[in-house]
Structure formats: C-alpha cells, structure tokens
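Visitor: I am new to this structure and would like a close look at a single part of it. Please choose one part and walk me slowly through it and its surroundings.

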Amino acid sequence: MKHGLVVMSAVVPTKGHQRLIRLAGSFCNRLTVVVSEVEGEPFSIQERVWALESGCGSTTSFHWHDGTAAPQTCVTEEDWSYWV
C-alpha cells in the first residue's frame, strides 16, 4: 500500500489546490494532506480544510498544525530539520 503526503498552506484554497491533491491521490492508495496555519491569515484553518476536503475522496485525510514557528525559507540545516 502506497501512502502519499502533500504539505500546503492554501491560504486561499482554490480548485487548483484540489486538483493537486487529487493528482497526488492518483499515485497512492492513501493520501495525507497537512495544511499549515500562520497567525493573521485571511481564512481560518477550519474553513480552508473544509474547502479542500469538499473536492477530495475518502482515502484522503487532512491534518493541520500551527506553522507560526515554521521557517518559510529554508536556508540552514536547522530550517530543514524543522520540516523533516
């Protein structure tokens, strides 16, 4: 069984995000989508996940985390270690 992973912010969720998720899901049996949240974004994380979920299959699971401490530009090894 292949398990896929997509990490995104989807600050304004679009049909393009849903297409990306569906494409990734076509390569695996199970897909996990992690949506990152940073304080002050225009849409709540719940709204974004709901919008993305509405166009995806039942083999896709969604999770989110507070990405306030997440490096947005990975320059150092410490930045990369956060994402690993």
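Guide: Let us begin with some words we will need: a residue is called buried when its relative accessible area is under 20%, exposed when it is over 50%, and partly exposed in between. Glu-47 makes a good trial case: its relative accessible area is 45%, which lies between those two limits, so Glu-47 counts as partly exposed. This residue is found in helix α2, and we will come back to that helix on our way. Please keep in mind that everything here comes from a predicted model.

The part I have chosen is the sheet. To place it, start with the whole protein chain, whose secondary structure comes to 3 helices and 3 strands. Following the sequence, you meet them in the pattern β-α-β-α-β-α. The C-alpha atoms fill a box of roughly 35 × 30 × 20 Å along the principal axes, and 27% of the 84 residues count as buried.

Now to the sheet itself. Its 3 strands form an open sheet, in the order β1-β2-β3, with parallel pairing. The strands at the edges are β1 and β3, each of which pairs on one side only. From one strand to the next, the twist averages 20 degrees.

Take the β1 side to begin with. Strands β1 and β2 run parallel and are joined by 6 bridges. You can find this pairing through individual residues: His-3 stands opposite Arg-30 in β2, and Leu-5 stands opposite Thr-32 in β2.

Thr-32 is a handy stepping stone, for its bridge partner in β3 is Ser-61. That takes us to the other side of the sheet, where β2 (residues 30-37) and β3 (residues 60-66) pair in the parallel sense over 7 bridges. Between these two strands the chain crosses through helix α2 (residues 45-53), and this β-α-β crossover is right-handed. Another pair of partners to look for is Glu-37 with Asp-66 in β3.

The connection between β1 and β2 deserves a look as well. Together with helix α1 (residues 15-25), these two strands make a right-handed β-α-β unit. In the loop between β1 and α1 you will find Ala-10. This residue has a positive phi of about 45 degrees, although it is not a glycine. Is Ala-10 buried or exposed? With a relative accessible area of 3%, Ala-10 is buried, because that value is under 20%.

Let us return to helix α2 and to Glu-47, our trial case. Measured against the sequence, so to speak, Glu-47 and His-65 are 18 residues apart, and in space their C-alpha atoms are 14 Å apart. Another contact to find is the salt bridge in which the side chains of Glu-41 and Arg-48 meet, at 2.6 Å from N to O. The count for the model comes to 1 salt bridge. The two partners have different surroundings: Glu-41 is partly exposed at 22% relative accessibility, whereas Arg-48 is buried, with a relative accessible area of 0%.

Finally, go back to the edge strand β1 and look at its two faces. The covered face holds Gly-4, Val-6 and Met-8, while the uncovered face holds His-3, Leu-5 and Val-7. Two of the names on that uncovered face, Leu-5 and Val-7, join Tyr-82 and Trp-83 in a nonpolar surface patch of about 380 Å². The elements giving two or more residues to this patch are β1 (3-8) and α3 (77-83). Tyr-82 lies in helix α3, and its relative accessible area of 33% makes it partly exposed, because that value falls between the limits of 20% and 50%.

To retrace the path on your own, start at Leu-5 in the patch, step across to Thr-32 in β2, and carry on from Thr-32 to Ser-61 in β3. That short walk follows the strand order β1-β2-β3.

Methods: Residues are numbered from 1 along each chain as its sequence is written. This is a predicted model: local features need pLDDT of at least 70, side-chain atom pairs count only at pLDDT 80 or more; totals for chains, interfaces and linings use all residues. Side-chain values use heavy atoms; hydrogens and water are left out. Patches are made of residues with over 30% relative accessible area and no salt bridge: like charges are joined within 9 Å, nonpolar side chains (Val, Leu, Ile, Met, Phe, Trp, Tyr) within 5 Å. Accessible areas come from the Shrake-Rupley method with a 1.4 Å probe; for residues, only the protein chains shown count as cover. A salt bridge is a side-chain nitrogen of Lys or Arg within 4 Å of a carboxyl oxygen of Asp or Glu. Helices (H or I, at least four residues) and strands (E, at least two) are DSSP runs, numbered from the N terminus. Buried means under 20% relative accessible area, exposed over 50%, partly exposed in between (1.4 Å probe, protein chains only). Two strands pair if DSSP finds at least two bridges between them. A crossover is right-handed if, with the strands pointing away from the viewer, the path from the first strand over the helix to the second runs clockwise. Axes are lines fitted to C-alpha atoms, for helices over the stretch in contact, and angles run from 0 to 180 degrees between N-to-C directions.
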